[in-house]
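Let's take a walk through this protein model, with the sheet, the core and the charged pairs as our stops. Keep the viewer open as you read.

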Amino acid sequence: MSQGPRSGLAAVSSALLAMSRHLEVRDVLKTIVASARELLDAQYAALGVPDDHGGFAQFVVDGVTEEQWRAIGPLPRQHGILAAMLHEARAERLADVREDPRFEGWPAAHPEMSDFLGLPIRDGDEVIGALFLANKRCSEPRVGCGFTEEDEELLAILAQHAAIALTNARLYERSRELTIAEERSRLAHELHDAVSQKLFSLRLTAQAAAALVDRDPVRAKGELQQVAALAAEAADELRAAVVELRPAALEEDGLVAALRTQIQVLDRVHSARVTFAAGGFRALPAAQEEAMLRVAQEALHNALRHSGAGHVAVTLERRGCGAVLRVTDDGSGFDPMKVRRAGRHLGLVSMRDRADGAGGTLTVESAPGKGTTIEMETPGG
């Protein structure tokens, strides 16, 4: 590499670290493309993830403005050199892509490209993407300035790590989808129990009112008023179920709104008082907000189901560039060491894994008869 082995190794290391830092598939794709373009000093870079219909499920570019991208039009199809990389799973290094017999042209707004370097991204025998660069930058114009064999070797290393990062991101998103489905199922069960209790009380009160109509109309009137109140409460719970059973709207509403909505529902469903306060909080990277939401849900579940708490308080506040989530209850508490030795986890392992995965830390403070405080801190981005 022209910059020398030390600076070149540092650049590769930075690119690989950047790829492993993200968990969302789209973020991983953008990072791979930007890292490849910067590392190999190209004017353009792109990465396409193929679908099963001859097109691309996702296509990310770097070096093209938003205006240029919109003017280019629809996503490309799997044809020409792109198709060769995907179907034959081999590298393509060309001095001028326009002179290759497989070249089929491009839209009018497409930027001019000449020298070309492309590689398939493979997970085992499966080709999961195509990464390519165009227009190698040169310090001074000269004949034959283009991508070299050394560039191809470097891009091959990047493609191997890109396959790992992309596969991990896909597994993370699938895991998150399963977690969301499990959480919705659990909340549905809690809400069903709460509504069932209200409807059972409603039925008994209505029966009592019917029995009193003839012999004690005044008491019957009171019972009917109670029927109306219980019916209103049941309607509120059903409305809450409709709202709560939607997927958590972190992307649209943010962590504060998602937490507030869920805590309002839990406060209505459970006999314990559940409160929420947020101060000075600012948006975090998506993976960190996702982890904080799941830790809060697990801690709330433990407090409301197992601690016998009368009050559970959730706070979210800024700390430096990051944030601190705190879930405190006044319940029975426990000895964390005894719980660990007995092989009972109360979701602590899951919460620690989520905190670690987001680059944060989890602290648990509890003692028998003294309640529990679970705190998660994330560094921000």
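What follows is a short tour of this predicted model.

## The five-stranded sheet

Start with the open sheet, where five strands line up in the order S6-S7-S8-S10-S9 with mixed pairing. S6 and S9 sit at the edges with a single partner strand each, so one side of each has no neighbour in the sheet. On average, neighbouring strands are turned by 10° against each other, direction ignored.

At the S6 end, S6 (273-279) runs parallel to S7, and seven bridges join the two. One pairing to look up here is Phe276 with its bridge partner in S7, Val314.

## The S9-S10 hairpin

Now go to the other edge. S9 (residues 361-366) and S10 (residues 372-378) are antiparallel and joined by six bridges. Together they make a hairpin with five residues in between, and Gly369 in that turn has a positive phi of about 80°. Across the pair, Leu362 stands opposite Met376 in S10.

Which side chains of S9 are buried? Leu362, Val364 and Ser366 are, and they point to one face; Thr361, Thr363 and Glu365 point to the other face and are not buried. That fits a general pattern: side chains in a regular strand alternate between the two faces of the sheet.

## Helices on the sheet

Two helices are worth displaying alongside the strands. H8 (286-306) lies across S6, S7, S8, S9 and S10, and runs at about 5° to S8. H10 (348-357) packs on the sheet too, touching S9 and S10, with its direction at about 150° to that of S9.

## The nonpolar cores

The largest nonpolar core has 35 residues, and among those with the most contacts inside it are Leu259, Met292, Leu316, Leu362 and Met376. Elements giving two or more residues to this core include helix H7 (250-269), H10 and the strands S6, S7, S8, S9 and S10. H8 gives the most, with nine residues.

For a closer look, pick Leu259. Leaving out neighbours within four places in sequence, Leu259 is in contact with Phe276, Leu293, Ala296, Leu316 and Leu325. Another core lies apart from the largest one; it has 29 residues, including Ile32, Ala36, Leu40 and Leu166.

## Salt bridges

How many salt bridges does a search of the whole structure find? The count is 16. In general, side chains of opposite charge can pair when their charged atoms come close.

Two of these pairs involve S10. Arg319 and Glu377 form a salt bridge, with the closest N and O atoms 3.1 Å apart. Arg319 belongs to S7 (residues 311-319) and Glu377 to S10, so this pair ties together parts 58 residues apart in sequence. Arg319 is partly exposed at 35% relative accessibility, and Glu377 is partly exposed as well, at 27%. The side chains of Glu375 and Arg326 also meet in a salt bridge, at 2.9 Å from N to O. Since Glu375 lies in S10 and Arg326 in S8 (residues 322-329), that pair links parts 49 residues apart in sequence.

Elsewhere, Asp96 forms a salt bridge with Arg98, the closest N and O atoms being 3.0 Å apart. Asp96 is buried, with a relative accessible area of 18%, whereas Arg98 is partly exposed at 36%. There's also a salt-bridge network that links Glu88, Arg90, Glu92, Asp100 and Arg102.

Note on methods. Residues numbered from 1 in each chain as written. Predicted model: local features only at pLDDT ≥ 70, side-chain atom pairs only at ≥ 80, totals over all residues. Heavy atoms only, no water. Buried < 20%, exposed > 50% of the residue type's maximum accessible area, 1.4 Å probe, protein only. Helix = DSSP H or I, 4+ residues; strand = E, 2+ residues; numbered from the N terminus. Pairing = 2+ DSSP bridges. Salt bridge = Lys/Arg side-chain N within 4 Å of Asp/Glu carboxyl O. Core = buried A, V, L, I, M, F, W, Y, C linked by side-chain atoms within 4.5 Å. Contact = heavy atoms within 4.5 Å. Axes fitted to C-alpha atoms, helices over the stretch in contact; angles between N-to-C directions.
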